[in-house]
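Good morning, and thank you for coming. I should like to take you through some strand pairings and then the nonpolar packing of one structure. Please have a look at it on the screen.

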Amino acid sequence: MTGVGAPPRVALVGASGHGMWHRRTMAPLHDAGRLELVALVDVRPVEAAPDAPVPPGAGVFVDHREMLAATRPDVVVICTPPHTHLPIALDAIAAGVDLLLEKPPVLSLAEHRTLAAALAGSGRVAQIGFQALGSAALRELTSAVADGRLGQVTGISTVACWRRTDGYYARAPWAGRRSLDGRPALDGVLVNPLAHAVMQCLAVAGAAVAAGVVAPLATVDGVAPDWPAQVELERYRTRPIEVDDTAALRATLGCGLPVLAAVTLAGEEFVAGEVVVHGSAGRAVLEYTTDRLTLPSDPGPRAVPGRVNLLENLLAHRADPGGVPLVAPLARTAAFTALAQAIIAAPEPELVGGERVLATGGGADRVFTIRGVNAALRRAAAEGALLSELGVPWAVKPHRAAVEREAGDD
């Protein structure tokens with residue numbers, strides 16, 4: 001472990017793929033002496049890059065347990081497939097380590113409770129990799145909501161239209177899979193690539209509930225006002241995969257507030273990701289990927305620069321736990337985990353094919369586009385409606401289910 005005055009020792013488990021993003025973030029912090037990158041772990045060969053070097057003296061490992069014993073880090077960044085998160089995290093916590101754990105942190109509330117108990121019992125902390133929660137634009141939006149500048153909030157929605165290639169679904173054994181080795185490995189649009197859109201909606205909803213600016217709606221007995229009580233879900237796919245690449249989800253919170261996500265990886269023109277807050281006094285739109293915000297008083301979108309880096313925030317919190325709160329502690333992500341659990345339990349996604357789908361490109365670069373999907377998803381987000389409620393010809397009856405009650409304090 002780190003001596004007095006020495007920079008914290010940091011290790012990365014999952015150093016390839018998305019782990020390269022973390023390595024690029026760590027490199028300048030290592031060079032500036034704000035951390036020491038002591039180890040990289042991956043089952044694949046770890047390759048250096050100009051902006052993601054392997055520092056001299058850093059160990060390279062295949063097994064995270066061997067790394068923990070050999071290097072004794074202070075902080076471990078876990079960027080591995082979601083179904084591997086919990087066992088790696090528990091091993092790291094048992095070694096006395098704080099965590100930066102990629103999203104989704106875990107895939108069930110039972111796992112969430114297990115992880116929370118391990119953290120509480122050891123005095124360790126976990127920051128979850130929802131980096132968009134560190135956005136200054138999100139903070140301005142939630143402040144505007146809490147101050148009543150949108151009036152009473154009547155609904156929150158998000159729309160995003162991305163594209164993914166055949167190669168994307170061949171990137172790893174768990175890609176596009178519902179389960180792997182007997183464990184959930186959910187790689188669907190809602191809980192992986194566009195998980196940030198869902199989490200941003202939940203963050204805004206939490207701010208509205210806390211400020212008491214939610215319009216009077218039908219409450220659900222016994223459910224916390226900011227917790228999802230019921231989920232309605234339509235899942236679709238354009239490929240022979242086990243998960244959704246297009247989805248419409250409506251979660252009704254305990255206070256009655258609807259939160260709707262209308263998202264696709266088979267989009268026409270690109271829609272980066274918009275979080276829309278509907279209020280009695282106006283509407284706000286946050287493009288969360290670019291931090292462009294439009295409040296009711298704005299003539300158009302404006303950039304709100306500034307994001308808190310989650311690793312830097314974790315290091316600052318370790319240095320001053322009372323003065324620097326974590327941006328994305330595990331507790332803040334419990335409602336997202338509840339929705340992920342409900343998605344895992346839902347029926348298989350419906351195949352959309354034939355003339356409704358356009359294929360372009362070839363080989364690993366082939367993409368599928370659902371004709372008219374952008375207009376349908378935008379309308380869903382504007383009206384807070386599911387695709388089946390809008391009469392979309394390929395839409396199917398939604399799956400409806402109650403959501404498990406809150407996980408408790410962590």
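Please keep in mind that this is a predicted model.

I begin with the last strand of my short tour, strand β15, which covers residues 292–294. Within β15, Leu293 is the bridge partner of Leu286. The pairing of β15 with β14 is antiparallel and comprises three bridges. Between these two strands the hairpin has four residues, and Asp291 there adopts a positive phi near 60°.

Moving back along the chain, β14 spans residues 282–287 and also pairs with strand β13, residues 266–279. This pairing is again antiparallel, and six bridges support the assignment. One example is Val277, whose bridge partner in β14 is Ala284. The hairpin that joins β13 to β14 runs through two residues.

Let me turn to the packing. Which residues touch the most other members of the largest nonpolar core? They are Ile156 and Leu190, in a core of 117 residues. The element that gives the most to this core is helix α6, residues 195–211, with eleven residues. A further core, of 24 residues, lies apart from it; Leu260, Val373, Leu387 and Leu390 are among its members.

Finally, I would draw your attention to the surroundings of Leu190. Leaving aside residues up to four places away in sequence, Leu190 touches Ala195, Val198, Leu233, Asp244 and Ala247, among others. Its contacts also include Leu249, Ala261, Val263, Phe336 and Ile343.

Thank you; I welcome your questions.

Technical notes. Residues numbered from 1 in each chain as written. Predicted model: local features only at pLDDT ≥ 70, side-chain atom pairs only at ≥ 80, totals over all residues. Heavy atoms only, no water. Pairing = 2+ DSSP bridges. Core = buried A, V, L, I, M, F, W, Y, C linked by side-chain atoms within 4.5 Å. Buried < 20%, exposed > 50% of the residue type's maximum accessible area, 1.4 Å probe, protein only. Contact = heavy atoms within 4.5 Å.
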